[in-house]
Amino acid sequence: MRLVQLSRHSLAFPSPEGALREPNGLLALGGDLSPSRLLMAYQRGIFPWFSPGDPILWWSPDPRAVMWPAEFHISRSMKRFHARSPYRVTLNHAFGQVIQGCANDRFEGTWITPEVIDAYHRLHELGYAHSIEVWDDKNELVGGMYGVAQGTLFCGESMFSRAVNASKTALLVFCERFARSGGKLVDCQVLNEHTASLGAVEISRHEYLAQLATLRMQKLPQNFWVPATLFMPQR
C-alpha cells in the first residue's frame, strides 16, 4: 500500500481497497476539487479532507461510519424536545449559509476553506450537493448540515449548531423524510461521539462500497431535492 499522487490531467483514482491503514483510509493526494473529480470520488467511496495549506488529501477509511435513516436513534429527551420544537426546518433554502456555518462554528479549526466552499457550491448548483437548514422563531439560521447525494445514499459532510439540539433536529427531520421517500443509507464517514449517540455504526469498507454500488444506481422521487419546508413548529 502506498500513497498515490493524482494528476490534474486525469480523473482516475486508485482502488479504495489500497488505502493506507495508518493514517486510516488515506488513499491519495493532489488533483483538484473540480465537480467532475469530486463526483468521481464520491461514486467510488472516496472523499477529500485536508488542513489549510496542505495538499488535497483523499480518504476511504475502514471501517466506515454509516446510519440507516429508518433506524435513526432518538433519545427520550430529544423526543420531548422535538414534540415542542421551536424550529423550522428547510431543504436547499440556504446552502451557502450552511456551509459557511459549518466552516465558522468550529473551535478546533476547519478544513472547509474558501476553496472547499467554492467547490461544494458548484456541486450544489449542479444539483448534487444539498443542505438542510434549521431556523429559529426570529428566522435566524441556528443549525444545519450539508452533503452529497448518491442515489438513495446521502454522503453527509458536516453539520453545525448554534442553539440547543439544532443539528440533531436537522438530522432527525432529514432522516425521517429521506427514509419515507426511499432513502436507504447516510454516510457519516468516521464514527465520533456525536454521530454514535445518534445511532451511527461502523461497517467494513468492503460492505460500504457494496452498498454504494447498489444504492447510487437507485432513484429518489424526482422532486425530492426541490427546495422545501420539511418541518414547521406547532404553534
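# Briefing: cores, sheets and odd backbone spots

Arg76 and Ala83 are exposed, on the other side of helix α2 from its buried residues. Here, buried means under 20% relative accessible area, exposed means over 50%, and partly exposed is in between (1.4 Å probe, protein chains only). Helices (H or I, at least four residues) and strands (E, at least two) are DSSP runs, numbered from the N terminus.

This is a predicted model, so to speak of local features takes a pLDDT of at least 70 and side-chain atom pairs count only at pLDDT 80 or more, while totals for chains, interfaces and linings use all residues. Residues are numbered from 1 along each chain as its sequence is written, and side-chain values use heavy atoms, with hydrogens and water left out.

**The chain as a whole**

- The protein chain has 7 helices and 12 strands. Its radius of gyration is 17 Å, close to the 18 Å that the globule rule gives for 235 residues, so the chain is as compact as a globular protein of that length. That radius is taken over C-alpha atoms, and the rule is 2.2 Å times the number of residues to the power 0.38.
- The C-alpha trace spans about 55 × 35 × 35 Å along its principal axes.
- Of the 235 residues, 51% are buried.
- The protein chain exposes about 11,400 Å², and carbon and sulfur atoms supply 51% of that; the areas come from the Shrake-Rupley method with a 1.4 Å probe, and for residues only the protein chains shown count as cover.
- Take the contacts (heavy atoms within 4.5 Å) between residues at least 6 apart in sequence: 72% of them join residues at least 24 apart.

**The cores, and the helices that feed them**

- A nonpolar core is a set of buried Ala, Val, Leu, Ile, Met, Phe, Trp, Tyr and Cys residues joined through side-chain atoms within 4.5 Å. The largest one has 49 residues, and those with the most contacts inside it include Leu33, Leu38, Trp58 and Tyr120.
- A second, separate core has 30 residues, Phe72, Ala149, Leu171 and Val186 among them.
- In general, nonpolar side chains tend to be buried together in soluble globular proteins.
- Leu38 belongs to helix α1 (residues 35–43), whose buried residues are Pro35, Arg37, Leu38, Leu39, Ala41 and Tyr42. Leaving aside neighbours within four places in sequence, Leu38 is in contact with Leu33, Pro48, Trp58, Ala119, Tyr120 and Leu123.
- Just after α1, Gly45 has a positive phi of about 75°.
- Back in α2 (residues 76–83), Met78, Phe81 and His82 are buried. They sit on the same side of the helix because they cover an arc of only 95° around its axis, going by the directions from the helix axis to the C-beta atoms.
- These buried α2 residues pack against α5 (166–180) and β12 (228–231).

**Strands and sheets**

- One open sheet has 4 strands in the order β1-β2-β4-β3, with mixed pairing. β1 (4–6) and β3 (47–48) are at the edges with a single partner strand each, so each has one side without a neighbour in the sheet.
- β1 and β2 (residues 26–30) pair in the parallel sense over 3 bridges; to count as paired, two strands need at least two DSSP bridges between them. Val4 has Ala28 in β2 as its bridge partner.
- All 5 of the 5 residues in β10 (residues 185–189) are buried, so the strand is largely enclosed by the rest of the structure. Leu185, Asp187 and Gln189 point one way, while Val186 and Cys188 point the other way.
- β10 pairs antiparallel with β5 over 3 bridges, and Ala65 stands opposite Gln189.
- β10 also runs parallel to β9 (residues 153–161), joined by 3 bridges, with Leu153 opposite Leu185.

**Backbone spots to look at**

- As background, most residues other than glycine have a negative phi, and most peptide bonds are trans.
- Glu22 and Pro23 are joined by a cis peptide bond, with omega about -5°; Pro23 is in the loop between β1 and β2.
- Another cis peptide bond joins Asp62 and Pro63, with omega about 10°. Asp62 is in the loop between β4 (57–59) and β5 (64–67) and counts as partly exposed at 35% relative accessibility.
- Not counting residues up to four places away in sequence, Asp62 touches Asn24, Ser204 and Arg205.
- Asn139 has a positive phi of about 65° though it is not a glycine, and is in the loop between β7 (129–135) and β8 (141–150).
- Asn165 has a positive phi near 60° and is found in the loop between β9 and α5.
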